[in-house]
Amino acid sequence: MKTTKNDILYQLDKLKIMVENHFLNEEEPNIDFMKGFERVLLVKYLLTIEELREENRKPQMAMLRQLYCYGLRKYKGYSLNQLSAVVGYTNHTTAIYSLRKIESMLQVKDAMFMELYANFEHLFV
């Protein structure tokens with residue numbers, strides 16, 4: 001029997017649901033921000049932190065990077081230089097831009113950003 005593209009996509013969807021149920025339904029009230037972010041990134045976007053750090057200017061990838069930067073600053077207290085190194089920015093000014101951008105999008109409630117933010121909201125409490 002020949003495997004079709006639809007069969008593969010169906011299997012991937014099933015696998016994604018299984019992983020989502022396993023990882024995201026665990027009750028961990030004090031989950032570490034970095035670990036939680038990695039989980040959501042993997043389950044919802046099928047991305048690793050290494051892939052997030054790669055140079056990619058697509059709006060969704062940029063927002064994910066900026067959100068990661070914001071969380072590291074807010075919950076881990078990373079300095080601007082540390083953020084640049086961990087997130088994959090060229091220098092600290094990009095980290096400053098990211099922090100300001102996220103704060104701005106949270107205030108304006110940008111539709112695309114809020115949809116993305118909803119997946120990570122539980123980490124920002």
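Let me start with L46, which at 59% relative accessibility counts as exposed, because the cut-off for that word is over 50%. L46 is found in the loop between α2, residues 33-45, and α3, residues 49-53, and its phi is near 55°, a positive value in a residue other than glycine. I should say at once that what we are looking at is a predicted model, and that every value I quote is computed from that model.

There is a second residue of this kind, K109, which has a positive phi of about 60° although it is not a glycine. K109 is found in the loop between α6 and α7, and at 55% relative accessibility K109 counts as exposed.

Let me step back to the whole protein for a moment. Its secondary structure comes to seven helices and zero strands, so that, read along the sequence, the pattern is α-α-α-α-α-α-α. Of the 125 residues, 31% count as buried, and the protein exposes about 8,400 Å², of which carbon and sulfur atoms supply 53%. If we take the contacts with a separation of 6 or more, residues 24 or more positions apart account for 53% of them.

Now I would like to spend some time on α6, the helix that K109 follows. Helix α6 covers residues 92-108, and its 17 residues, at 1.5 Å a residue, should span 24 Å; the C-alpha atoms at its ends are 25 Å apart, which agrees with that expectation. Which residues of α6 are buried? They are A95, S98, L99, I102 and M105, and, seen down the axis of α6, these buried residues fall within an arc of 135°, so they line one face of the helix. The face turned away from that buried side carries the exposed residues R100, Q107 and V108.

What do the buried residues of α6 pack against? Their partners are α4, residues 59-76, together with α5, residues 80-87, and α7, residues 111-118. Two residues, one in α4 and one in α7, let us follow this in more detail.

From α4, I have chosen Q66, which at 9% relative accessibility counts as buried, since the limit for buried is under 20%. Not counting residues up to four places away in sequence, Q66 touches Y89, Y97, S98, K101, I102 and M105; S98, I102 and M105 are among the buried residues of α6 that I listed a moment ago.

From α7, I have chosen Y117, which also counts as buried, at 11% relative accessibility. Leaving aside its neighbours within four places in sequence, Y117 is in contact with L67, L106 and F124. Y117 and I102 are 15 residues apart in sequence, and their C-alpha atoms are 9.9 Å apart in space.

Finally, let me turn to the surface, where I8, L9, L12 and L15 make a nonpolar patch of about 350 Å². I8 lies in helix α1, residues 5-24, and at 45% relative accessibility I8 counts as partly exposed.

To draw this together, the picture I would leave you with is a predicted model of seven helices and zero strands, in which the buried residues of α6 line one face of that helix and pack against α4, α5 and α7.

Methods: Residues numbered from 1 in each chain as written. Predicted model: local features only at pLDDT ≥ 70, side-chain atom pairs only at ≥ 80, totals over all residues. Heavy atoms only, no water. Helix = DSSP H or I, 4+ residues; strand = E, 2+ residues; numbered from the N terminus. Expected span 1.5 Å × (residues − 1). Buried < 20%, exposed > 50% of the residue type's maximum accessible area, 1.4 Å probe, protein only. Arc of directions from axis to C-beta. Contact = heavy atoms within 4.5 Å. Patch = residues over 30% accessible without salt bridge, like charges linked within 9 Å, V, L, I, M, F, W, Y side chains within 5 Å. Areas by Shrake-Rupley, 256 points an atom, 1.4 Å probe, with all protein chains shown as cover. Salt bridge = Lys/Arg side-chain N within 4 Å of Asp/Glu carboxyl O.
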